[in-house]
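Student: I should like to examine how the structural terms are justified here. May we begin once the model is shown?

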Amino acid sequence: QLANIPYPLEQLEGESFKHFLTGDKHRTKDKAFIQWERGKNVVDQTYSYSEWKKEGAITSRMLYDRKNDPLENKNLILQADTSVINQYSQWINKKN
């Protein structure tokens, strides 16, 4: 797009990064999903939530407040409202 060369739009998926490169404040997605081995993570503007499963059962979870703890030093999983944990867990498991 920035080079003004033709590209096969019907063969491409996702959204262009043009707005990031040109300084436009366009927002694309509310959440990012990450998966590695048995671990899954969802990140949005408020929290970073991770969970690990073994044989279908959750074995570990982490929840970090991205605004108040941007370096993710304090795991809030034991203090967090269960509705928050359940929402993030649903988002992760809906992606599969």
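Student: What makes strand 1 and strand 2 count as paired?

Tutor: Two strands pair if DSSP finds at least two bridges between them. Five bridges join strand 1 to strand 2 (residues 39-43), and the two run antiparallel, so the criterion of at least two bridges is met. Strands here are DSSP runs of E with at least two residues, and helices are runs of H or I with at least four, numbered from the N terminus. This is a predicted model, in which local features need pLDDT of at least 70, side-chain atom pairs count only at pLDDT 80 or more, and totals for chains, interfaces and linings use all residues. Residues are numbered from 1 along each chain as its sequence is written, and side-chain values use heavy atoms, leaving out hydrogens and water.

Student: Which residues stand opposite phenylalanine 33 and tryptophan 36 in strand 2?

Tutor: Phenylalanine 33 has valine 42 as its bridge partner, and tryptophan 36 faces glycine 39.

Student: Why are strand 1 and strand 4 called edge strands?

Tutor: The open sheet has four strands in the order 1-2-3-4, paired antiparallel. Strand 1 (32-36) and strand 4 (57-65) each pair on one side only.

Student: How do you know that helix 2 packs on the sheet?

Tutor: Contact means heavy atoms within 4.5 Å. Helix 2 (residues 82-94) touches strand 1, strand 2, strand 3 (47-54) and strand 4, so the contact criterion is satisfied for these strands.

Key
Axes are lines fitted to C-alpha atoms, for helices over the stretch in contact, and angles run from 0 to 180 degrees between N-to-C directions.
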